[in-house]
Amino acid sequence: MRLKKHVPLIMSTMRRVALRPVASSLCNRCRRYISSQAYPEKVAVLGGGISGLASAYFVAKEFPQSKITIHEANKDGGGWIQSRRVEVPKGDVLFEYGARSLRPGRDALITAQLIQDLDLTDNVIFTKKAATGAKNRYIYYPDRLQRLPSPGDAPDFWHIAELWRSGLLAGAPYALLEPFRRQRPESLKDESIGDFVERRFDKRLGTNLASAVMHGIYAGDIWKLSARTLLSQAWMLEGLAGSIYKGMIKIQQETPLTERVMLFHPHDLDVYKAMREEVKLNDPFRALLDESAMFTFENGMAELVLALKKTLEKSGNVDFKFDSRVQNYKLAKENRDQVDVTTGPREAPSTEKYDLVVSTLRNPKLTPFVTVMTVNLYFPNPNLIPEKGFGYLIPQSVAFEENPERALGVIFDSDAIQGQDTAEGTKLTVMLGGHYWDGWEHFPSNDEAYELAMSLLRRHLHIKEEPTNYHVNLSKDCIPQYTVGYDERLKGYAERVLFEFQGRVRVVGNQTHGVGVNDCIRGAWAMARQLRGVGWKKMETGLEKALDERYDGAWRYGAVNGNDPPDADEYTSIHVHVGKFMWSHEQSDYDSAINNFDGDEIHLLQYLFGYCIYCIGHWKYDWHGEFDGHGGDIFWFNRIFDHLEHNACVGVSVGAIVVIAAVVFFIIRKRRRQTPAKTKEEAEDAAPPPIDEKRAQVLEHSVGASELDARERAEMWSPPAVAEVGTSANVSELPGDSNFLQTSPKPDAGMSTVSELEGVASVRDDLPVPLYKVQALCSDCMLPEYRFRTLRSVEC
Ligand SMILES: C=Cc1c2[nH]c(c1C)Cc1[nH]c(c(CCC(=O)O)c1C)Cc1[nH]c(c(C)c1CCC(=O)O)Cc1[nH]c(c(C)c1C=C)C2
């Protein structure tokens, strides 16, 4: 009898778990490489939104002989991009339900090339950088619109002072202490944007400014979104030198004057280099893009979708399958070089084999999503709103009473984009929901949403007129949220896709490549480019950035050996400057800043920043000899350094005055806080009202302002005390719709209380649409929430 050689358990397990799949994958790879197949015969694109359509377009360009099938669950493609023309009293206007415009610049290079290739350039409408609709952007704070300094304009002292008075810039002076703040611990791999801004600068800068921006892009919560992913450059600079400012200086200092350095992830750098090689835009189109702050199409963003669809249909090798929901896709059992894609209704699914699959479908484990409701409104009066501009954002710090509708912002469409409508008038879009509606199962009806939008506009813009036309659109789960830990999750996901599909599935879309239209198109292009030649046979996923080994948690800034002239144009090359590093801003901004620099103008803020940087550089790095007139390439810094070089004495003295003023300001503030009240009355006045911690906690959860301090929280909304009945609640037994609506109003405030069973529910009936605030006490947890109507599915 032959005995089997003993293999230790650990070895046999390793072989089974690790070695076999690797061996089989190697086998697959070898087989695939030696196969004579020059292109993937059958390609499936899963999802017919902008990512899917663009993927099909670029793959078809790479492999004109391939047969490409697009599977889309809905009746029509285009995803969130939906534009509708609406008849109004004196003509028609265009309503956008999703993305409404694109931003030019490096990120739009592929989009621009696509527009040119689709022969759409004549349909593009541009909003010039100098137009009011582009320049004037507002933040609503604390109870009015505050205009932000326009990019490209010199900051005006009085304007900054006004913003400071409003409280919007509260905490900004603490930003000067950033270089002295402790570096994040090694163990901290990611944190929320709110935490990051609070740790490095000041919490108020997060809740006022960062949260407004994050509402505009992600409709997201700064206490959940990832700093490492979304503020990646700042995160990297801190990792590099212990502080963002110091990181900038370090890079400045280490960069030889002849070297071109880009602050990018190495993978992005490769993509940008490839873009530079391949994008060839016509001069007039390029020039128009260069002058613009945003662009779209005469018939809205849907024009891009329609043109893509038409071109794909005409190509003859692309087949659209609408109403074709993907049930699942997996590597074929019998031939591991193919993928089985199962589509159609559950009762009657059909399975087809493909050589390659491009998936734009979502993975619920990778990110949560938020729901956004857009309310488009048209008023015949062209002079309805007091301010002209792009629109305004509402940060998380705005008191509940100022934004009980839970709006994220309002876009002044008729100012921002001109040339789409035949009727004069005012067109606005109110954006509701986003992270404020996390966990909601029921959303406002169209009538309720209209009421919410109008109540917001009456309060914020004092609009008294009614619109003649409006449209409500609910985009459920439309924006993926890159929450804390996203980078790690993406890496894990990329590894799983690679392992599971052995290079047969490539992933593209807003969950993995950025939430913007430009990001999705660029992601599709980069994926298709990777397939080129024998690339489609490689073990890749389209998520190579997440697996890029050059990324080690603290970004390196890579030098590019370029022969570009220093004034190389953005649309033909990656613009880099000889001498210093590059930040992501536009060449033309830089040029105009330099060209329009008026040597007599001295801006206090510039000197303040300039002086600080100068001091840090001088003190820490003995660095002052470097003022060569082309210092940092960050817009302001450049100008600061230019100013300082030409007028160093004035710069230093003004800077010193500002620093002294800031120190005096802090001392006075501190003393004022410590001064004891003189009389009992004064003491009572000065003392903060007692905080009902429990209620504060309830409010905190209710309105999602988890990071406000207790005092702020208590002040956010002071409803009359809510009666509590019992100590525990079986939430599922709380009253359903009908009971719930039968509230008994209390005469003393706009709130009535419904107390049933052991839970407590109260309703804000002073709002246009009642919001039910529910406080359900379970044995060991509390579930307070604002909801529309029903509670039935809340679980403890
Ligand atoms: C449907 C709602 C959307 C919201 N964000 C996006 C959509 C489609 C995606 C998005 N919005 C912006 C970007 C950044 C870059 C770009 O591609 O343009 C992305 C990916 C920019 C943006 N959109 C709005 C604002 C105020 C901004 C900020 C930058 C700027 O000033 O241009 C309008 C807006 N979008 C959303 C809300 C809630 C909102 C509010 C007015 C969510």
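At what angle do helix α6 (residues 193-200) and α7 pack, and how far apart are their axes? The points below take up this question and then the other parts of this predicted model.

1. Helices α6 and α7. The angle between α6 (residues 193-200) and α7 is about 140°, and their axes lie 8 Å apart. Angles over 145 degrees would count as roughly antiparallel, so α6 is classed as oblique to α7. The crossing of this pair is right-handed.

2. Residues between α6 and α7. On the α6 side the contact is formed by Ile193, Gly194, Val197 and Glu198, which meet Lys203, Leu205, Gly206, Ala210 and Met214 of α7. Sorted by class, the residues of this contact are 5 nonpolar, 2 polar and 2 charged.

3. Surroundings of the ligand. Helix α7 (203-218) also belongs to the ligand shell: together with β16 (391-393), β17 (407-412) and β18 (426-434), each of these elements supplies at least two of the shell residues. There are 19 residues around the ligand, and those that come nearest are Gly216, Leu408, Gly409, Met431 and Gly516. The shell divides into 9 nonpolar, 8 polar and 2 charged residues.

4. The sheet. Strands β16, β17 and β18 are part of an open sheet of 7 strands with mixed pairing, in the order β7-β6-β16-β17-β18-β15-β19. At its edges are β7 (145-147) and β19 (469-480), each of which pairs on one side only. From one strand to the next, the twist averages 25°.

5. Pairing of β16 with β17. These two strands run antiparallel and are joined by 3 bridges. Tyr392, for one, has Val410 in β17 as its bridge partner.

6. Helices α2 and α17. A second helix pair is made up of α2 (residues 50-62) and α17 (residues 517-531), which pack at an angle of about 30° with their axes 8 Å apart. Since angles under 35 degrees count as roughly parallel, α2 is therefore described as roughly parallel to α17. The crossing of α2 and α17 is right-handed.

7. Residues between α2 and α17. From α2 the contact takes Ile50, Ser51, Ala54, Ser55, Phe58, Val59 and Glu62, and from α17 it takes Val517, Cys520, Ile521, Gly523, Ala524, Trp525, Met527, Ala528 and Leu531. By class, these comprise 12 nonpolar, 3 polar and 1 charged residues.

How values were computed:
Residues numbered from 1 in each chain as written. Predicted model: local features only at pLDDT ≥ 70, side-chain atom pairs only at ≥ 80, totals over all residues. Near = placed C-beta within 6 Å. Helix = DSSP H or I, 4+ residues; strand = E, 2+ residues; numbered from the N terminus. Nonpolar A, V, L, I, M, F, W, Y, C, P; charged D, E, K, R; others polar. Pairing = 2+ DSSP bridges. Axes fitted to C-alpha atoms, helices over the stretch in contact; angles between N-to-C directions. Parallel < 35°, antiparallel > 145°, perpendicular 65-115°, else oblique. Left-handed = near helix turned anticlockwise from the far one by under 90°. Contact = placed C-beta atoms within 7 Å.
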